[in-house]
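Please read the points below with the sequence and the model open beside them. They cover one cavity and one pair of helices.

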Amino acid sequence: MEMSAHHQPTGTVKRKRWGGLRQQWKLLGLFEIDPQHEFYSLTCMMKDGLAAATQSSVDSAPTVSTNDDFTLQATQIHKDFTMETFAGPVFASLRGSLGMSEQEYQQSLCSENCYLQFISNSKSKADFFLTNDKRFFLKTQNKREIKFLLANLKIYMEHLRKYPHSLLLIPTRPFSQKYFIVMQSVFYPDDRINARYDIKGCEVSRWTEPAPEGSQIIVVLKDLNFEGQFVTLGEGRPWLLRQVEIDTHFLRRLHVLDYSLLLAHQPLHQDERHQSLSFATLIMRTKKSVSLGCLLPDFRAQNRRLLPNLKNPLHVIDGPEQRYFIGIIDIFTVYSFKKRLEHFWKRLRHPGRSFSTVSPQTYSVRLCHWVQDHTK
């Protein structure tokens with residue numbers, strides 16, 4: 001979507017208010033975007049624009065019938081801003097394939113409750129907003145990244161049709177003059193998550209100071225914080241290894257790098273551990289897993305699994321003792337000439353050490369090896 005204000009929003013809050021805002025929220029790193037917040041006017045426009053943009057797909061489910069749907073642009077003029085939606089029917093169709101109704105999507109994005117701002121420890125200059133229920137992220141992107149997504153949208157959709165249980169984080173709608181993309185949160189629901197990690201498979205700048213014990217501060221940890229730990233999946237491990245291999249091979253074909261494997265875990269309740277599946281539960285999970293129209297014998301070819309009966313099934317994998325939330329994000333960084341120069345500079349600065357900026361092939365293989373070495 002493209003979004004541009006007709007005039008500058010009023011009431012912008014000076015940076016000195018951050019001290020007060022930090023005291024208002026129990027979870028440091030998450031801030032409610034209330035009327036005193038500098039982004040309040042912007043997020044109100046976003047909600048109004050999204051409500052109008054999604055109404056057509058709420059009224060009648062769209063279908064993707066021609067190649068023109070992938071380049072479709074719809075402009076809506078509002079009182080104080082203009083919003084342009086890109087490939088609306090394609091993204092609506094994708095949401096439907098995930099079992100997400102347009103009504104619940106609209107309700108989450110456009111509720112009366114304030115958005116939340118997430119202060120990330122990422123080096124990216126992007127702004128991160130969360131819907132109040134924490135189900136969807138809205139992340140600013142630059143124009144180049146949006147153009148890259150739209151240029152590759154068709155083959156991205158083909159990948160998801162072929163491998164519908166892909167771990168690639170699925171964008172559900174892009175928009176600009178600020179450019180934004182709406183994404184389902186990997187860490188949803190987050191009420192019991194006790195650790196979060198952003199993994200790139202390297203070591204340089206991959207340590208984050210953990211929050212003090214007992215603190216409610218939200219900190220996303222990195223590779224070096226995870227050392228000595230394992231993702232214990234048991235029977236689910238071969239599926240994860242294969243899906244990461246499939247997804248990173250696809251990203252290698254797109255010539256991208258610097259993506260992350262998001263990982264979080266929470267302990268299973270006693271009644272969730274080693275539970276035997278009833279016939280009814282097995283049928284329900286199988287139906288969810290084949291809902292995109294393939295037959296049960298195609299499971300192996302499609303690299304599918306029995307999806308859990310949860311709100312975010314594609315990114316949730318249960319092990320014997322822990323529930324894991326896993327997804328691959330930030331898939332828009334192309335290995336450009338600038339990135340090649342960065343690679344050579346880092347080789348000089350960090351001899352013998354692994355760092356993020358490497359060729360797409362090396363990046364893909366290295367992340368697969370990380371998953372192999374840290375799972376059992």
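Which residues line the largest cavity?

1. This is a predicted model, in which local features need pLDDT of at least 70 and side-chain atom pairs count only at pLDDT 80 or more, while totals for chains, interfaces and linings use all residues. Residues are numbered from 1 along each chain as its sequence is written, and side-chain values use heavy atoms, with hydrogens and water left out.

2. The largest cavity has Phe148, Leu149, Asn152, Leu153, Tyr156, Leu254, Ile331 and Phe332 as its lining (residues with an atom within 4 Å of a point, on a 1 Å grid where a 1.4 Å probe fits but cannot get out). Two or more of these lining residues come from each of helix 5 (143-151) and helix 6, and by class the lining holds seven nonpolar residues, one polar and no charged.

3. This cavity encloses about 60 Å³ of space, and a search of the whole structure finds four cavities of 30 Å³ or more.

4. Helix 6 (residues 153-162) also pairs with helix 3 (residues 88-97), their axes coming within 12 Å and crossing at roughly 15°. Because angles under 35 degrees count as roughly parallel, helix 3 is roughly parallel to helix 6, and their crossing is left-handed (the near helix is turned anticlockwise from the far one by less than a right angle).

5. Where these helices meet (heavy atoms within 4.5 Å), Val90, Phe91 and Leu94 of helix 3 are in contact with Leu153, Met157 and Leu160 of helix 6. The contact of helix 3 with helix 6 comprises six nonpolar residues, with no polar and no charged ones.

Definitions and conventions:
Axes fitted to C-alpha atoms, helices over the stretch in contact; angles between N-to-C directions. Helix = DSSP H or I, 4+ residues; strand = E, 2+ residues; numbered from the N terminus. Parallel < 35°, antiparallel > 145°, perpendicular 65-115°, else oblique. Nonpolar A, V, L, I, M, F, W, Y, C, P; charged D, E, K, R; others polar. 1 Å grid on protein atoms, 1.4 Å probe; cavity = no way out; pocket = protein on both sides within 12 Å on 5 of 7 lines; lining within 4 Å. Points joined across faces, edges and corners; volume = space filled by probe spheres on them.
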